[in-house]
Amino acid sequence: MDAKSLIAMYRREKSSTERTNFEELYESAAEFCNPSADNIRKKKTKGQRDDEQRITDIGIKARRMFTAGMMSHLFPQGQNWLRLVTQDRDLMKSDNVTRALSAANKKFIRAIEDSNFYEEMGQCIDHCGYIGTTSIYCESTDKRILNFRSHYVNQFYFCENYLGEVDTVIRELKLTARQAAQQFVDDCPASIKELAADPVTSTKEFTFIHVVMPRMGYTPDATDKEEKKIASYYVSIELKQIVRESGFDEMPYSVGRFYKTNYEKYGRSPAIEVFKTLPLINRMEVSRIRGAERVSNPPWLAPNDGSVRRISNDQGSIIYWNAGNPLSKPEQLRPMDNVIINDQMIEKKEQEILDAFYVPLFNPLMNKQNMTAFESAERLNLSLQFLSPAVNRLNKYFVTPILERAFGIMLRSGLLPELDIPELSGATLEFDLVGKASIASRQIELFGTMTAMQQMMQIAQFKPEILDNVNSDKTSRFIQEVNMVPVDLQLSEEEVMFIREQRAEMQAQQMQAQQMQAQSDAYVKMQKTPEEGSGAEVLMEQTGE
């Protein structure tokens, strides 16, 4: 690829009709859900007056609760929300494999915790709430092994392959001459280096694009960056030249789309889906304020004869009028506004916004009173089930790709030597994201399993053979897996077998000791002299003993 073709692709994506339409949508939603610093007091939605104020804050509230709820379900703090597994699950029957994966998983989680993952991923989830399309980038720096960067939607563009998957990302970045010299070092163009050396011109700004796309004719397992599977180009727009060319083993960007409808490349957000409701609530809020003001400060009706002076509702105020003319007496009107009905209408519309942002599912017990423990547990389980589609969609198409990129960085850096065992040679590893929603779906399986076990135990009271259909060891390990029991607290199959062999040996020794004791007692009894004249004496005489 040359610079001219890359710049043409960037400009085509930036000026496309689809992109323009999407920008109008998310900018309008952002004015209610996340207004910019220069637009907090006023909203300037297209087609509306510029001086109209944003009264309602329900969009901001819903966005914050959406972000907090999604982060707590995707990445619950204090819980192990990530598990490294093999694509071939049969390999995990080996205890060596299980313990190697557990040790590597701990190191990877620690690296995630030490990085800025939660901060940057929180920004991306926030963007999903009111924009619907977001992007995150993973790299390795001198300060930390893993560094993540989230990008606002106005900073990147992307293309899809024939399967509808994002395979090309174009990020726009503006750098001063000094910043460009710092980032590109020896690759920085000479003209920019000259400007960076002068303090006066070092702040001159340049536009660059970073294009990441599949490389045609790449070399498998290549060590040279210019031959790797994913091509990377930094291009200067002003100079129209490629500043740096390199490559990656996997896509360093992960683009997330919350809702993806048919024939639309950009994702939709909950805010965009109910966008018409947001300005409606704003208008209703204005009407409510005006109605409340009329109730607390009703208008006056006064004859137009100049006989009334200074009409006021202030405390202790005096209103003068011409008492000689009864028709000149001012009269305060009674407003007909029903503020309570207006409040109910606004609450109903605000609830629609909260429903669109999944807020009732994040807090299913809100405003719920006098519920039994069973009802509370059932409501929590149902809310997690309804959240599972949205959570799993983000996990599969957005979170997992960036985690695979981070894991690849650590693996190539030699930070996971625990995985260098013969059992994992040639094995494919993958991530099992086990957040709250994922655990809830497994808990449903466990609940069904335990219900079946209880019913089988009832039948086993008169037909014990029915328990032969259950593998007790696999059932125990399934219960431990669903409840996320740490591997360190679980005994391996070899240890369980050793304990059972020892128990069987001890039981055999005890039985042997009991048999020997019984034989000894019998022998002692047989050695006693029978009483004189007893049947035993006669028997012994007959046998010659």
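# Patches, strands and a helix, term by term

Q: What makes Leu 491, Phe 498 and Ile 499 a patch, and how much accessible area do they have together?
A: These three residues form a nonpolar patch on the surface, with about 270 Å² of accessible area together (Shrake-Rupley, 1.4 Å probe, only the protein chains shown counting as cover). Patch members have over 30% relative accessible area and no salt bridge, with nonpolar side chains (Val, Leu, Ile, Met, Phe, Trp, Tyr) joined within 5 Å and like charges within 9 Å. A salt bridge here is a Lys or Arg side-chain nitrogen within 4 Å of an Asp or Glu carboxyl oxygen.

Keep in mind that this is a predicted model: local features need pLDDT of at least 70 and side-chain atom pairs 80 or more, while totals for chains, interfaces and linings use all residues. Residues count from 1 along each chain as its sequence is written, and side-chain values use heavy atoms, without hydrogens or water.

Q: Why is Ile 499 called partly exposed?
A: Its relative accessible area is 36%, so Ile 499 falls between buried (under 20%) and exposed (over 50%). Ile 499 sits in helix 15, residues 493–527.

Q: How do you know that strand 5 is mostly covered?
A: Of the 11 residues in strand 5 (166–176), nine are buried.

Q: What makes strand 4 and strand 5 a pair?
A: Pairing takes at least two DSSP bridges, and strand 4 (156–160) shares five with strand 5, in the antiparallel sense. Tyr 157 has Ile 170 as its bridge partner, and Glu 160 stands opposite Val 166. The two strands form a hairpin with five residues between them, and Gly 164 in the turn has a positive phi of about 85°.

Q: Which residue of strand 6 is the bridge partner of Ile 170?
A: That partner is Val 211. Strand 6 (205–214) pairs with strand 5 over eight bridges, again antiparallel.

Q: Why are strand 4 and strand 8 said to stand at the edges?
A: Five strands make an open antiparallel sheet in the order 4-5-6-7-8. Strand 4 and strand 8 (241–248) each have a single partner strand, so one side of each lacks a neighbour in the sheet. Neighbouring strands are turned by 20° against each other on average, direction ignored.

Q: How does the reach of helix 3 compare with the expected value?
A: Helix 3 (58–74) has 17 residues and reaches 24 Å from first to last C-alpha, close to the expected 24 Å, which is 1.5 Å times one less than the number of residues.

Q: What makes helix 3 mostly covered?
A: Among its 17 residues, 12 are buried, including Arg 63, Phe 66 and His 73.

Conventions:
Helix = DSSP H or I, 4+ residues; strand = E, 2+ residues; numbered from the N terminus. Buried < 20%, exposed > 50% of the residue type's maximum accessible area, 1.4 Å probe, protein only. Axes fitted to C-alpha atoms, helices over the stretch in contact; angles between N-to-C directions.
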